[in-house]
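Reader: Could you take one spot in this protein and walk me through it closely? I'd like the cut-offs spelled out along the way.

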Amino acid sequence: MPDLLSGLLVTIQATGIGYALALTLGLVIAMVRRVPLFGSVVHFLMEFIRTTPLVIQLVFVFALAPANVSAFTIGVVVLGIHYAAYTAEVYRSGIEGVAKGQWEAARALSLPGTRTWGAIVLPQAIRKVIPALGNYLIAMFKDTPLLFAIGVVELLAVAQQVGSRDFRYVETFTIVGLLFLVVSVPSAILIRRLEKRYVAV
């Protein structure tokens, strides 16, 4: 169990850092998408990322990355970029859901763009999409075992090591499944509560 808990810690760290990157980069992408020409190029790149398997992206980037860059860093960055392609669409739907009257009122008041986005558009848009963003947090947590493909010693990799050492694969992977449930189920319950709170408003 101590070995598995150390692997779970690495999994949680990768998820947390990757998710923070996905949230930040996704928001930037959603805003850039509104720029006519540049937005089309970004849209094409995001579609490419969404339609290719995450494990292929991990292995490809790992093979091209400099030798002094750790597998953990590569895994976190690839996870973040991959899920940024999804969170960007979530943000975009939230931004487009802001009433046109809000934009018109901002223009009528001659508010600068930063003020319009920061005080009017984004607070309303993000509030609406919090549940959807939360769902991607759980999805990313369940995808972190793919980091095993590039040598990151996360929960699945530790389970493989323990199972091969003790020849007790069934018990080891059963515990791994339970650990994922222990983290995922409370997160899902929290997201449902957020959905009821914010979507119902």
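Author: **A close look at His 82**

His 82 sits in helix α4, which covers residues 71-96. Helices here are DSSP runs of H or I with at least four residues, strands are runs of E with at least two, and both are numbered from the N terminus. Bear in mind that this is a predicted model: local features need pLDDT of at least 70, side-chain atom pairs count only at pLDDT 80 or more, and totals for chains, interfaces and linings use all residues. Residues are numbered from 1 along each chain as its sequence is written, and side-chain values use heavy atoms, with hydrogens and water left out.

So is His 82 buried or exposed? It counts as buried, because its relative accessibility is 5%; buried means under 20% relative accessible area, exposed over 50%, and partly exposed in between, with a 1.4 Å probe and protein chains only. As for company, skip the neighbours within four places in sequence and His 82 is in contact (heavy atoms within 4.5 Å) with Ile 49, Thr 52, Leu 54 and Gln 57.

Now for the setting. The protein has 8 helices and 0 strands, so the pattern along the sequence reads α-α-α-α-α-α-α-α. Its C-alpha trace spans about 70 × 40 × 25 Å along the principal axes. Of the 201 residues, 37% are buried, His 82 being one of the buried residues. Among contacts with a separation of 6 or more, 76% are between residues 24 or more positions apart.
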